[in-house]
Amino acid sequence: METLTAAAAFAAMALVVPHVLLGLVNKTKAAVGGRRGPPVLQTLYDVRKLLGKGAVYSTTTTWMFRLGPVVGLAATLAAATLVPLGAVPLVAFEGDAILFAYLFALARFVTVTAALDTGSSFEGMGSSREVAFSSLAEPALILTFASLAHQAGSLSLGGMFSPPTGVHSAASTVLAVGSLFIVLLAENSRLPVDDPNTHLELTMVHEVMVLDHGGPDLAFILHGAALKLTLMAVLLVRLVMPVVPGLGAWGTAALGLCGAAVAIGLVESTMARLRLVHVPQLLVASVCAAAFGLLLNLR
Amino acid sequence: MSPASRFASVRNGESIEASKVPVVSAPEFRSALLRAGAAGYRLAALLGEPAPAGRGASLLAVLADDAAGKLFLVASEPVERFPSLTPDLPQAHLFERELRESCGVEPEGHPWLKPVRRDGAETAAFFREEGSEVHEVAVGPIHAGIIEPGHFRFQCHGEVVHHLEVQLGYQHRGAEALLRGGPDRRSLAVAESVCGDTAVGHAWAHCAVREALAGTLTPLRAEAVRAVALEVERVANHLGGLGAVSNDIGFLPATAYFGRMRGDSLNMLMAMSGNRYGKGLLKPGGVAFDLPPPMRAAMAETVARSSREVAEVGEMFFSEPSVLGRLEETGIVTAAVCRDLGVVGPSARASGVDRDVRQDHAHGLYRFRHIPSIKLESGDVYARTMMRWLEAKRSLEFLSVALARLPEGELAAPCGAPAPGRLAVALVEGWRGEVCHIAKTGARGTFDWYKVVDPSFHNWMALAMAMRGGEISDFPLCNKSFDLSYAGHDL
């Protein structure tokens with residue numbers, strides 16, 4: 001029975017939840033800007049439309065270019081099996097947090113190689129930026145996991161999120177939340193690190209790497225990106241909110257995700273984008289927050 | 001000897017007999033221009049008049065003495081080649097490239113003699129850095145957004161731009177050739193289409209040339225309606241530009257608000273002329289439509305509301321730390337570079353170079369009602385953006401007064417055919433800067449030639465200079481802060 005529930009949670013999380021979450025972010029941004037905004041499920045409609053299209057491949061690209069979107073989505077889906085949306089994740093074992101981080105790294109690696117495969121100067125710039133920024137975002141994520149794992153005594157995502165037990169542990173959780181939120185914004189090309197809506201190739205980080213993909217490939221990429229955002233948002237929700245009595249694990253997750261979407265939307269509505277040279281400073285701050293959190297826990 | 005002693009002098013919107021323009025030898029022409037440049041005169045236009053007997057062309061320069069409010073004209077004897085002015089007078093850079101292309105005159109020793117608009121411009125070699133660590137980025141002419149075509153070639157070292165070359169010419173429609181032989185019934189429409197977002201500015205300059213050549217005295221009420229239209233155009237474009245800058249840095253609320261407010265201003269032009277860009281409002285001799293009291297009342301209400309909203313949204317925008325962090329110290333152009341390149345308009349004023357046709361060469365209603373000119377010093381994206389906000393506010397103040405006290409009188413005076421053998425110069429401060437139209441009539445009273453200089457023609461090089469040593473990711477923002485026209489450059 002428990003496995004069935006976990007499988008249902010996984011299916012929902014993998015298919016619909018990412019697009020609802022993005023839709024809520026966009027609705028929040030629209031509301032602050034005095035607009036009505038696109039329908040909540042617009043990104044899902046986009047993915048469905050793209051799946052019905054053909055793809056055009058440049059003659060300079062090789063199999064690596066076609067591998068990127070498929071492996072990228074597969075790795076993100078695999079990572080999704082480890083994330084506890086409801087009470088328990090679909091798959092859990094000691095040390096799966098490390099696998100989770102490296103599945104994201106694998107997705108990034110294939111995306112970057114696919115981008116470099118095109119030989120376009122835009123995609124080269126985007127790849128260089130993506131790799132530079134993620135080399136700072138990854139330590140922040142790993143340090144946060146280390147801190148949480150030490151606190152809970154478990155290196156599995158399913159058992160890592162325990163309520164804080166004292167002042168130090170509470171402070172450490174606050175630092176972990178801050179760090180994880182910055183990593184969430186940076187890894188998912190949200191403001192103030194990247195602008196998901198911009199059409200200006202020269203300023204893009206993540207978007208410019210997928211300019212040459214079209215049709216089903218682009219659908220895979222868009223869906224994978226939405227899923228990645230959801231996974232990180234779920235981790236954040238589990239970290240912030242213990243199960244709210246009366247709502248249960250599911251209700252808490254739904255409430256928390258809505259809150260996360262609104263928070264992301266508000267950040268995007270009230271901030272301008274950072275100058276590209278200042279992005280590393282933000283990420284270093286997130287690494288520092290995670291490191292201090294770990295130190296507090298080790299004390 | 002004053003630098004102007006050999007020149008013919010005219011004021012903005014006046015014409016003189018073409019034979020009164022002094023014709024000097026080519027070396028004298030060169031030294032006179034260099035002397036004038038050293039004395040702080042600005043090269044408003046440099047053009048070639050094909051020699052009647054076959055090959056070569058005689059050069060004609062229009063120099064602006066902004067301090068004295070005078071324009072000076074000097075011409076050279078026909079030449080086939082001449083030593084380039086550009087090494088000593090960088091303002092002449094693009095004019096000389098254009099001369100070679102349109103008249104076949106060779107500026108010898110020009111540092112970068114490529115076509116400006118004609119075929120072959122895009123195949124000519126670009127300036128290129130060599131080395132294993134530099135890379136080249138080519139952007140355009142087809143862009144991702146809804147903008148005009150233009151090609152940008154960057155030489156980069158990592159994220160740092162060493163050099164940017166701007167290659168335009170994709171929008172060349174032959175506007176000057178269409179105006180040659182006029183004026184006819186389509187001349188005004190061609191002038192209005194030189195640059196779609198400055199339709200009122202170009203229409204005014206064209207009308208001023210026609211009126212100067214025909215000796216027409218424009219009624220004051222017509223001048224007032226023109227000034228109202230020009231300032232509404234300025235407000236619309238400045239607000240649109242502020243919204244676009246805000247969009248480029250991902251600051252969404254201001255994008256939406258400025259975008260809507262731009263619509264309010266465009267709707268005012270729509271009410272005045274039946275066209276959102278004010279096309280068809282002006283005509284030689286005056287204006288085609290009056291501002292009846294109910295329309296004025298409605299416009300005054302819109303102006304009052306816009307003034308409030310522009311102030312509010314602008315304060316919100318310019319007090320946001322992340323916005324300031326993004327805009328400040330990005331894409332700096334110094335006052336010295338502006339003077340060297342002959343930059344005009346808000347871009348020059350943002351770098352501390354106080355140039356404004358409305359103040360320096362006042363014409364029409366601006367002779368009686370002044371708009372105080374604004375000057376900022378820092379020359380970065382912040383200054384150029386702030387300039388547009390301040391100017392929009394000043395223009396709205398002007399509008400509220402001008403609408404309340406519109407002079408009485410006729411809407412238009414009859415504007416006849418141009419007098420033969422005359423030359424007229426008209427400058428108008430469009431929202432982007434100095435719009436310059438020059439025309440000369442032949443023996444039959446038709447245009448022998450007609451020259452248009454859009455402010456963008458002066459300013460594109462400043463964008464390239466602003467990018468030197470900057471981040472390539474700052475280019476779209478920097479480009480938007482200048483907000484130059486491709487069509488106005490390409491004619």
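Guide: Two residues are in contact here if their C-beta atoms, placed from the backbone, lie within 7 Å of each other. The model in front of you is predicted, and among the contacts of chain B between residues at least 6 apart in sequence, 69% join residues at least 24 apart.

Visitor: How much confidence does the predictor have in chain B, and what are the scores of the model?

Guide: On the scale from 0 to 100 that pLDDT uses, chain B has a mean of 89, and 98% of its residues reach 70 or more. The model scores ipTM 0.85 and pTM 0.90.

Visitor: What makes chain B as compact as a globular protein of its length?

Guide: The secondary structure of chain B comes to 16 helices and 16 strands. Its radius of gyration is 22 Å, and the globule rule gives 23 Å for 491 residues; the two values are close, so chain B is as compact as a globular protein of that length. Taken along the principal axes, the C-alpha atoms of chain B fill a box of roughly 70 × 60 × 40 Å, and buried residues make up 55% of the chain.

Visitor: Why is Val210(A) called buried?

Guide: A residue is buried if 20 or more other C-beta atoms lie within 10 Å of its own; Val210(A) has 23 such atoms, so the residue is buried. Val210(A) lies in the loop between helix H7 (167-187) and helix H8 (215-240) of chain A, and, not counting residues up to four places away in sequence, Val210(A) touches Leu218(A) and Ile221(A). Val56(A) is 154 residues from Val210(A) in sequence, while the C-alpha atoms of the two are 13 Å apart in space.

Visitor: Which residues and elements make up the contact of chain A with chain B?

Guide: The contact takes 23 residues from chain A and 24 residues from chain B. On the side of chain A, the elements that give two or more residues are helix H2 (17-32) and helix H9 (248-270). The residues on that side divide into nine nonpolar, seven polar and seven charged.

Visitor: What makes strands S2 and S16 of chain B stand at the edges of their sheet?

Guide: The open sheet has four strands in the order S2-S14-S15-S16 of chain B, with antiparallel pairing. Strand S2 (14-17) and strand S16 (447-453) each have a single partner strand, so one side of each is left without a neighbour in the sheet. Neighbouring strands here are turned by 15° against each other on average, direction ignored.

Visitor: How do you know that S2(B) and S14(B) pair?

Guide: Two strands pair if DSSP finds at least two bridges between them; S2(B) and strand S14 (residues 422-430) of chain B have four, in the antiparallel sense, and Val425(B) in S14(B) is the bridge partner of Glu14(B). Helix H5 (residues 199-214) of chain B packs on this sheet, touching S2, S14 and strand S15 (433-441), and its direction makes about 155° with that of S14(B).

Visitor: What leaves one side of S9 and of S11 in chain B without a neighbour?

Guide: Three strands form an open antiparallel sheet in the order S9-S10-S11 of chain B. Strand S9 (134-139) and strand S11 (160-167) each have a single partner strand, so one side of each is left free of a neighbour in the sheet. Strand S10 (residues 151-157) and S11(B) pair in the antiparallel sense over seven bridges, and Cys156(B) stands opposite Val161(B) in S11(B).

Technical notes: Residues are numbered from 1 along each chain as its sequence is written. Chains are lettered from A and ligands numbered from 1 in the order in which they are written. This is a predicted model: local features need pLDDT of at least 70, side-chain atom pairs count only at pLDDT 80 or more; totals for chains, interfaces and linings use all residues. The radius of gyration is taken over C-alpha atoms; the globule rule is 2.2 Å times the number of residues to the power 0.38. A residue is buried if 20 or more other C-beta atoms lie within 10 Å of its own, exposed if 12 or fewer, and partly exposed in between; C-beta atoms are placed from the backbone. Ala, Val, Leu, Ile, Met, Phe, Trp, Tyr, Cys and Pro count as nonpolar, Asp, Glu, Lys and Arg as charged, and the others, Gly among them, as polar. Axes are lines fitted to C-alpha atoms, for helices over the stretch in contact, and angles run from 0 to 180 degrees between N-to-C directions.
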